[in-house]
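Got the model open in your viewer? Here's a walk through it, one selection at a time.

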Amino acid sequence: MTGLYERDKRSLSTLSNLRFFPQSITGGKGSFLIAEDGRRLLDFSASWGAASLGHSHPALAAAVAGALKDQAGASHLSTANLPAVELAEKLLALVPDRAAGRVWLGHSGSDANETVARAVLAATGRSRILSFKGAYHGGTSGSMAVSGHPVQQGVPKAAGLSLIPFPNGYRDGGDATAAQAALDHLRALLDGPVPPNEVAALFLEPIQSDGGMIVPPDGYFQEVEALCRRHGILIVADEVKVGLGRSGRFHAFEHLGIQPDIVVFGKGLGGGLPVSAAVGPEAIMNHGTAFSFQTVHGNPVCAAAAKAVLETIERDSLVEQAAEVGLHLKGLLERLQEKHALVGDVRGRGLAVGVELVTDRQTKEAAKTATALTVYRAFELGLILYYVGVSSNVLEFTPPLTLTKEEATAGVALLDQALTDVAAGRVDQKKVAAFAGW
């Protein structure tokens with residue numbers, strides 16, 4: 001019988017593939033996935049953070065079953081449906097007052113960010129957007145157009161887009177130096193080639209995730225916020241991967257000491273189902289009708305799932321658990337840093353953690369090949385994690401919010417072995433040749 005991975009290759013397009021090893025899954029529960037061969041794989045990715053409650057969570061299953069048992073249509077385009085309204089009301093109660101206007105519901109962070117990018121331009125009459133180098137705001141044409149990740153270099157950018165540096169203390173001379181240089185760049189931009197009264201919005205990630213899990217220096221975004229307020233520039237917080245409790249606070253932007261005008265949710269909002277949301281002022285979100293829609297936007301099944309995710313995070317104190325288990329996880333990883341020369345930096349907040357691998361700690365040269373070998377070997381040992389970063393050398397940890405300290409300890413032990421095997425040259429580079437990753 002042909003294996004599942006081979007069947008996948010023979011039937012599914014590679015246009016949406018981002019593969020790191022021959023992973024084929026038939027089931028899962030909690031923090032574990034079940035491989036086709038029956039192995040239990042500890043999941044430190046949660047499908048890039050989408051499976052926020054882990055796998056097969058009973059609250060999510062009950063919400064979906066209930067919504068399907070008495071289905072209130074399949075859309076909210078031409079009708080109000082109860083689950084969509086309840087989800088919107090819940091989200092409005094969770095965001096800062098300046099963002100608590102109206103809710104747009106979509107399928108992914110990509111379509112949500114694209115919608116916001118279009119809406120801020122149309123509603124303000126301004127023609128420019130600011131975003132950060134290394135930022136990944138989605139995979140649709142419109143969301144890629146306001147992103148700065150090098151993997152999307154061949155995609156046309158928005159005509160009014162300006163990309164600015166995201167301060168990286170590890171690579172830019174320490175937090176204070178990195179923050180000052182980034183602020184100087186932004187101020188010079190607004191004082192010169194980019195008139196601030198033409199800028200509609202600044203898009204930010206509270207932790208730059210796909211850019212390398214980069215945590216901004218303390219105080220940096222407060223300075224950025226002050227500049228934006230001075231010039232009437234809207235602040236859009238892309239919380240798609242690092243929000244909803246993952247950082248150890250409900251909103252990751254809370255760590256920054258700012259209040260965004262628009263908040264974008266995705267990935268973990270649906271617990272594995274396709275649903276996103278953009279929450280912002282009525283003047284922006286109600287700019288027009290039939291402005292950005294797809295037929296099953298706001299469908300009651302995904303909306304019910306999202307509401308269940310939000311309620312479960314609150315009921316089970318998963319924000320606090322993410323903070324506590326994340327601190328434990330980060331501590332374990334910092335011990336690996338002391339043991340393995342490959343580990344250049346450990347950073348993150350809560351259960352959004354990055355481990356940057358380098359060939360030399362002095363030069364900080366990206367260990368791209370070693371990173372690919374590490375995630376491959378970890379998979380062989382029973383641990384799922386992927387890598388990110390503009391140089392594809394940062395191990396990314398976005399496990400389920402339900403991860404326990406015991407599971408974190410077990411996973412880091414597997415990573416320890418993987419790093420040991422890679423450093424000793426025990427992992428054949430031919431194994432990763434078929435997996436391009438980023």
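## A tour, starting inside

This is a predicted model, and the first stop is its largest cavity, where the lining breaks down into four nonpolar, five polar and three charged residues. To see that lining, select Gly49, Ser52, Val240, Lys241, Gly243, Leu244, Arg246, Gly266, Lys267, Gly268, Leu269 and Leu401. The space they surround comes to about 60 Å³. Don't go hunting for others of that kind: the count is one cavity of 30 Å³ or more.

Stay on one of the lining residues, Arg246. You'll find Arg246 in the loop between β8 (234-238) and β9 (262-265). Is Arg246 buried or exposed? With a relative accessible area of 2%, Arg246 is buried. Now add Leu351 to the selection: its C-alpha atom is 5.3 Å from that of Arg246, although their positions lie 105 residues apart along the chain.

**Zoom out for a moment**

Show the whole chain as a cartoon and you have 13 helices and 15 strands to look at. Along the principal axes, the C-alpha atoms fill a box of roughly 60 × 55 × 40 Å. How does the radius of gyration fit with a compact globule of 438 residues? Such a globule would come out near 22 Å, and the chain has 21 Å, so the two agree. Color by accessibility and 56% of the 438 residues count as buried.

**On to the open space**

Next, bring up the second largest pocket, which holds about 530 Å³. Its lining takes in 20 residues; to get to the middle, select Trp104, Met285, Asn286, Gly288 and Ser292, which lie nearest the centre. If you'd rather pick by element, β4 (102-106), α5 (109-124) and α9 (282-285) are the ones that give two or more residues to this lining. Which of the elements gives the largest share? That's β4, with four residues. Color the lining by class and you get ten nonpolar, nine polar and one charged residues.

**Rings on rings**

Now show the side chains of Phe, Tyr and Trp. Across the whole structure there are 15 aromatic pairs. A good one to center on is Phe21 with Phe379, a stacked pair with 4.5 Å centre to centre and 10° between the planes. Phe21 belongs to the loop between α1 (4-11) and β1 (25-29), while Phe379 is in helix α12 (residues 368-381), so this pair ties together parts that are 358 residues apart in sequence. Turn on the surface and check both partners: Phe21 is buried at 2% relative accessibility, and Phe379 is buried as well, at 9%.

Keep that pair selected and widen the view. Phe20, Phe21, Trp48, Tyr136, Phe379, Tyr386, Tyr387 and Trp438 make up one aromatic cluster, so named residues from the stacked pair turn up here again.

**Last stop: charges over rings**

Two arginines round off the tour. Select Arg40 and Phe32: Arg40 lies over the face of the Phe32 ring, 3.9 Å from the ring centre. Then jump to Arg118 and Phe291, where the charged end of Arg118 sits over the ring at 4.1 Å from its centre.

How values were computed
Residues numbered from 1 in each chain as written. Predicted model: local features only at pLDDT ≥ 70, side-chain atom pairs only at ≥ 80, totals over all residues. Heavy atoms only, no water. Phe/Tyr/Trp six-rings, centres within 6.5 Å; stacked < 30°, edge-to-face > 60°. Buried < 20%, exposed > 50% of the residue type's maximum accessible area, 1.4 Å probe, protein only. Lys NZ or Arg CZ within 6 Å of the ring centre and 35° of its normal. 1 Å grid on protein atoms, 1.4 Å probe; cavity = no way out; pocket = protein on both sides within 12 Å on 5 of 7 lines; lining within 4 Å. Points joined across faces, edges and corners; volume = space filled by probe spheres on them. Nonpolar A, V, L, I, M, F, W, Y, C, P; charged D, E, K, R; others polar. Rg over C-alpha atoms; globule rule 2.2 N^0.38 Å.
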